[in-house]
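Here is a briefing on one structure. Please look over the sequence and the fold before reading on.

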Amino acid sequence: ELERHLDRVLTGLRSFGADYAEFTRRFAASLGLHTTDAVALVEILYAEDRGTPLSPARLAERIVLSSGATTALLNRLEKAGYVT
């Protein structure tokens with residue numbers, strides 16, 4: 001019983017991961033952004049909606065980028081008009 005339940009949970013998680021990746025890819029394409037930039041934008045918007053804006057350092061942690069790569073990403077989003 002437990003083994004079947006765990007198998008269903010793992011199958012669901014794999015399915016969710018695949019769906020999330022596809023959604024992210026399509027979202028990024030619709031905005032003309034790289035997937036990583038779109039993921040960062042979603043993180044920024046989510047934090048803003050919660051009333052807890054992200055610092056660049058916290059964003060870097062959330063999306064697993066170096067500080068330099070995050071700076072370049074934020075510059076691209078700013079240039080495109082998505083963040084200020």
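Is Y82 buried, exposed or partly exposed? Y82 is partly exposed, because its relative accessible area is 33%; buried means under 20% relative accessible area, exposed over 50%, and partly exposed lies in between (1.4 Å probe, protein chains only). The model is predicted: local features need pLDDT of at least 70, side-chain atom pairs count only at pLDDT 80 or more, and totals for chains, interfaces and linings use all residues. Residues are numbered from 1 along each chain as its sequence is written, and side-chain values use heavy atoms, with hydrogens and water left out.

**Y82 and its surroundings**

- Y82 sits in the segment after α4. Helices are DSSP runs (H or I, at least four residues) and strands are E runs of at least two, numbered from the N terminus.
- Beyond its neighbours within four places in sequence, Y82 contacts L31, L33, L41 and L77. Contact means heavy atoms within 4.5 Å.
- One of these partners, L31, is 51 residues from Y82 in sequence, with a C-alpha to C-alpha separation of 10.0 Å.

**Helices α1 and α2**

- The 30 residues of α1 should span 44 Å at 1.5 Å a residue, and the end C-alpha atoms are 43 Å apart, which agrees. The expected span is 1.5 Å times one less than the number of residues.
- G32, just after α1, has a positive phi of about 70°.
- α2 has 16 residues and should span 22 Å; its end C-alpha atoms are 23 Å apart, which agrees.
- G51 follows just after α2 and takes a positive phi of about 80°.
- D37, A38, A40, L41, E43, I44 and A47 are the buried residues of α2. Their cover includes α1, α3 and α4.
- D37 lies in α2. D37 counts as buried because its relative accessibility is 3%. Setting aside residues up to four places away in sequence, D37 touches L73, R76 and L77.

**Nonpolar core**

- The largest nonpolar core has nine residues: L33, A40, L41, I44, L59, I63, L73, L77 and V83. Such a core is a set of buried Ala, Val, Leu, Ile, Met, Phe, Trp, Tyr and Cys residues joined through side-chain atoms within 4.5 Å.
- α2, α3 and α4 each give two or more residues to this core. The largest share, three residues, comes from α2.
- In soluble globular proteins, nonpolar side chains tend to be buried together.
- L59, one of the core residues, is in contact with A40, E43, I44, L54, T70 and L74, leaving aside neighbours within four places in sequence.

**Loops**

- L54 lies in the loop between α2 and α3. L54 is partly exposed, at 27% relative accessible area.
- L54 touches E43, I44, A47 and L59, not counting residues up to four places away in sequence.
- L54 and A80 are 26 residues apart along the chain, and their C-alpha atoms are separated by 19 Å.
- V64 is found in the loop between α3 and α4. Phi of V64 is near 55°, a positive value in a residue other than glycine. V64 counts as exposed because its relative accessibility is 69%.

**Pocket and cavity**

- On a 1 Å grid over the protein atoms alone, a cavity is a set of points where a 1.4 Å probe fits but cannot get out; a pocket is an open set with protein on both sides within 12 Å along at least five of seven lines; lining residues have an atom within 4 Å of a point.
- The largest pocket has a volume of about 220 Å³. Grid points are joined across faces, edges and corners, and a volume is the space filled by probe spheres set on the points.
- I44, E48, L54, S55, P56, L59, L74, N75, E78, V83 and T84 line this pocket.
- α2 (35-50), α3 (56-63) and α4 (67-79) each supply at least two residues of the pocket lining. α4 has the largest share, three residues.
- One cavity of 30 Å³ or more is found in the whole structure. The largest cavity holds about 40 Å³ of space.
- Y20, F23, T24, F27, A38, V39 and V42 line the largest cavity. α1 (2-31) and α2 each give two or more residues to that lining, and α1 gives the most, four.
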